[in-house]
Amino acid sequence: MSWHDPARTGESQADAALRNELRGLLGMPAQPANYFETDVTPELARLADDLRREARRRNHTARRKSSWMLLAAALPFTLLLGAVGSFATVQKHKADLLAAAVTRQEAEIQRLAGVVSHQAQPAAQPAALPSIAQPAPLAKGQPAPLVAGTNPSRKPVQLVIQVDRSPDTPAGAQQNVKAH
Amino acid sequence: MEPLKTQTAPFGDSVEFHDIFASLYPRLVSYARRYGATYPEDIAQEAFVILMQRDTPVEHPTAYLYGTVRTLSLTERRPLKNQSVSLEAVVEPGKGPDADEDLLNQEVRERMKSLSPTFRETLWLFVVEDLSIRQISEILDIPEATVKTRIHRAKAHLRNQLNSNSSGGLHVLA
């Protein structure tokens, strides 16, 4: 670990000038006075070494224990996550299988429907032909449509005039008149 | 006898570490005392141990030490007074002025006291402790822009105070 502090040495001149200005406003000397200048006494050196040994001791004991405890604390969560993950994987596999089965069944149904409709089409076609040839039934009182040339051998319409037939009228006194 | 280099690894050269320790330890003790720590020496030593105990290196060791001392001092005060402590009481905890008396003269102390605790803390770190803005932002766990704002507001307050004092003096003379 380097004790060299780049943030302090790389300070801008504006910040240094601001510090000097503030020193002036506070009534402190312009030049930074080292208030904490201390010689390295044997007591301080011994204290520094003691602290370093304490840090090394903690590194060898507390840090390792904490990592084991952290690992032990994380184990249940890891197991739980693994169980949930495997359960989800199994469920996903089942869902995929069901989806594939449904797709197969739909395809089979469509294929059968195609076969049935193909077989039913020729049987239905002859039954439909007579209904096309027969004319629609006429409504009551509706005159029959005149179709040109439909029945050329039909007898001509005759107008029949009824007369009173008295007993005196001889037979043959009736005359048929052709209608035009 | 164990070689000095091996004994000091991995914390650098022993002579360098002793110099740094001798320079920083009294400052950290004084800083802990400002926060009203009952045992400021223990807190400063604990901060060094915590720093050296780390596996990963710290980018700014000085700022890390100051921040650790601040946290430990505030934590030490918490169980002693199980009640809400104002920032004024934390920064000026009774023993704090003793620390200032060793370092600053009466005039400087009076001007520092005129500032709010928030500005005074930032100004103290910047001017008296001679720390950079970036280090202060790490110690107080605030953005650098906030540190600059506090410093400039403290500066404006000090300037206004000086102007009012000088105008008041002229008025008295007149």
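A residue is called buried here if 20 or more other C-beta atoms lie within 10 Å of its own, exposed if 12 or fewer do, and partly exposed in between. By that criterion, in this predicted model, helix H9 of chain B is mostly covered, with seven of its eight residues buried. Those buried residues are B:Ile133, B:Arg134, B:Gln135, B:Ile136, B:Ser137, B:Glu138 and B:Ile139, and the list can be set against chain B as a whole, in which buried residues make up 37% of the 174 residues.

Chain B, to which this helix belongs, has a secondary structure of ten helices and zero strands, so that a reading along the sequence gives the pattern α-α-α-α-α-α-α-α-α-α. Of the contacts in chain B with a separation of 6 or more, 62% are accounted for by residues 24 or more positions apart.

The loops on either side of H9(B) deserve a closer look. Most residues other than glycine have a negative phi. B:Asp130, which is found in the loop between H8 and H9 (133–140) of chain B, has instead a positive phi, near 60°. After H9(B) comes B:Asp141, whose phi is likewise positive and near 60°, and which is found in the loop between H9 and H10 (144–173) of chain B. As for their surroundings, B:Asp130 counts as partly exposed because it has 17 C-beta neighbours inside 10 Å, whereas B:Asp141, with 9 such neighbours, counts as exposed.

From the loops we turn to the interior. The largest nonpolar core has 44 residues, and those that touch the most other members are B:Leu28, B:Ala32, B:Ala44, B:Ala47, B:Val69 and B:Leu123. Both chains supply this core, since at least two residues come from each of H2 and H3 (42–60) of chain A and from each of H2 (14–34), H3 (40–53), H4 (61–80), H8, H9 and H10 of chain B. The largest share, nine residues, comes from H2(B).

Two packings between helices of chain A and chain B can then be described in turn. Two packed helices are described by the angle between their axes and the distance between the axes. Helix H2 (residues 13–26) of chain A and helix H8 (residues 117–128) of chain B pack at an angle of about 110°, with their axes 10 Å apart. Because angles of 65 to 115 degrees count as roughly perpendicular, H2(A) is roughly perpendicular to H8(B), and the crossing in which H2(A) passes H8(B) is left-handed. On the chain A side the contact involves A:Arg19, A:Leu22, A:Arg23 and A:Leu26, which meet B:Leu123, B:Phe126 and B:Val127 of H8(B). The residues of this contact divide into five nonpolar, no polar and two charged. B:Leu123 takes part in this contact and is also among the residues of the largest nonpolar core that touch the most other members.

In the second packing, H3(A) and H3(B) meet at an angle of about 50°, with their axes 8 Å apart, and are therefore oblique to each other. Their crossing is right-handed. The contact is made by A:Leu51, A:Arg52, A:Glu54, A:Ala55, A:Arg58 and A:Asn59 of H3(A), together with B:Gln45, B:Phe48, B:Val49, B:Met52 and B:Gln53 of H3(B). Here the residues divide into five nonpolar, three polar and three charged.

Conventions. Residues numbered from 1 in each chain as written. Chains lettered and ligands numbered in written order. Predicted model: local features only at pLDDT ≥ 70, side-chain atom pairs only at ≥ 80, totals over all residues. Axes fitted to C-alpha atoms, helices over the stretch in contact; angles between N-to-C directions. Helix = DSSP H or I, 4+ residues; strand = E, 2+ residues; numbered from the N terminus. Parallel < 35°, antiparallel > 145°, perpendicular 65-115°, else oblique. Left-handed = near helix turned anticlockwise from the far one by under 90°. Contact = placed C-beta atoms within 7 Å. Nonpolar A, V, L, I, M, F, W, Y, C, P; charged D, E, K, R; others polar. Core = buried A, V, L, I, M, F, W, Y, C linked by C-beta atoms within 7 Å.
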